[in-house]
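Here are a few notes to help you find your way around this one. Have the model open as you read, and take the points in order.

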Amino acid sequence: MYIYIMTKKRIFLQLFCVVFFFGMISLNAQGNSIKNTTTLIQPDYLKAGDTVAIVAPSGILKNRNGEVAQATALLKSWSLNVVVGDHVFSKDNHFAGTDAQRCEDFQKALDDPTISAIWSARGGYGTVRILDKLDYTTFKKNPKWVIGYSDITALHNQVHNEGVESLHALMCVSLTKDLSEIEESINTFKDALFGKPIAYTLKGSPYNRVGEVTAPVVGGNLTILHTMLGSSTSIDTSGKILFIEEIGEYKYHIDRMLQSLKRAGYFENCKGLMVGDMSRMRKNTTLWGTSVEQLILDALAEYDFPIVFNVPAGHEKDNRALILGRNATITVGKDVSTVVFWK
């Protein structure tokens, strides 16, 4: 009888522990869900007299002094002040200075309360090497716009996970001698910074998957999104519209990355997909056999969310601003589509 009673007590205790354990998992999951759907903090829009910091968290700026000077002049023409990071033109093999130097410039810009936006001079490769060295404590008390694309996607991811909106837009090296060539890119960049409405009408595509959805926009360069998988810098796409763009990849690389993201659950609760430029696609000796658009549709065939192609953002001259973390409505049709960001 004693053994029987002790066994009952032990079983009860074990059941209690199991219920408590899974209950805590459920609460944590709910907490994470709440965190992931919370509206992000919007940094203050810029106004005349505000200051923008130009930094280089990634690739080397060899013979790019002219573009940085041009970028400085552009910002000043908008009545903004400009500070250029101490190590923007530093050199450390592939990078714009050592990891410590690049991190120092970016951290200083994050912490300086007089700086309203941080504009990356260029992308390339290298941002991932400083991600875990950055401290966002002061930044979250005084949020500011982080601006760039391509390799800067890593920073967009991290800023998103810190709960702050950011700006996917052109960089200093995107500027051309004749700025009229990139007029739309510049105009939308300025509009986003100064808080004017951002809305785009896109040319249609027979590949578009028709539909309409309103949700926060996240994403950026596909390779960087893929690289972030499994780390604290990976983003949760649940309830969100994912934007992707790419340059210089083989089609089978695009498929491999999409398959990896899919296997990681990236698209399970995604609400929509915006496909930007797929630039300078490489030709493999064994041809893929379909367009990149069809490749994307095939990879995501089991999902029913809207997919819009021809989003003018990425590695082309027409690289329009996207406010990451901000709610947008995408209305997707075969003949015409629209993207409208909400204020």
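1. Start with the helix contact. Helix 8 uses Lys251, Ile254, Asp255, Leu258, Gln259 and Lys262 to meet Val292, Leu295, Ile296 and Ala299 of helix 9. Sorted by type, the residues of this contact are six nonpolar, one polar and three charged.

2. Now the geometry, keeping in mind that this is a predicted model. Two packed helices are described by the angle between their axes and the distance between the axes. Here the axes of helix 8 (residues 251–263) and helix 9 (residues 292–299) come within 10 Å and cross at roughly 20°. Angles under 35 degrees count as roughly parallel, so helix 8 is roughly parallel to helix 9. The crossing of the two is right-handed.

3. Next, look at the sheet. It is open, has seven strands in the order 6-13-12-7-8-9-10, and its pairing is mixed. Which strands stand at the edges? They are strand 6 (199–203) and strand 10 (307–308); each has a single partner strand, so one side of each is left without a neighbour in the sheet.

4. Within that sheet, have a look at strand 7 (residues 211–221) and strand 8 (residues 241–247): they run parallel and are joined by five bridges. As a landmark, find Asn221, which sits opposite Glu245 of strand 8.

5. Lastly, a word on confidence. The protein chain has a mean pLDDT of 91, with 89% of its residues at 70 or more. Residues 1–37 are another matter: pLDDT there is below 50, and the stretch has three contacts in the model beyond near neighbours in sequence.

Conventions: Residues are numbered from 1 along each chain as its sequence is written. This is a predicted model: local features need pLDDT of at least 70, side-chain atom pairs count only at pLDDT 80 or more; totals for chains, interfaces and linings use all residues. Side-chain values use heavy atoms; hydrogens and water are left out. Axes are lines fitted to C-alpha atoms, for helices over the stretch in contact, and angles run from 0 to 180 degrees between N-to-C directions. Helices (H or I, at least four residues) and strands (E, at least two) are DSSP runs, numbered from the N terminus. Angles under 35 degrees count as roughly parallel, over 145 as roughly antiparallel, 65 to 115 as roughly perpendicular and the rest as oblique. A crossing is left-handed if the near helix is turned anticlockwise from the far one by less than a right angle, and right-handed if clockwise. Contact means heavy atoms within 4.5 Å. Ala, Val, Leu, Ile, Met, Phe, Trp, Tyr, Cys and Pro count as nonpolar, Asp, Glu, Lys and Arg as charged, and the others, Gly among them, as polar. Two strands pair if DSSP finds at least two bridges between them. pLDDT is the predictor's confidence in each residue, from 0 to 100.
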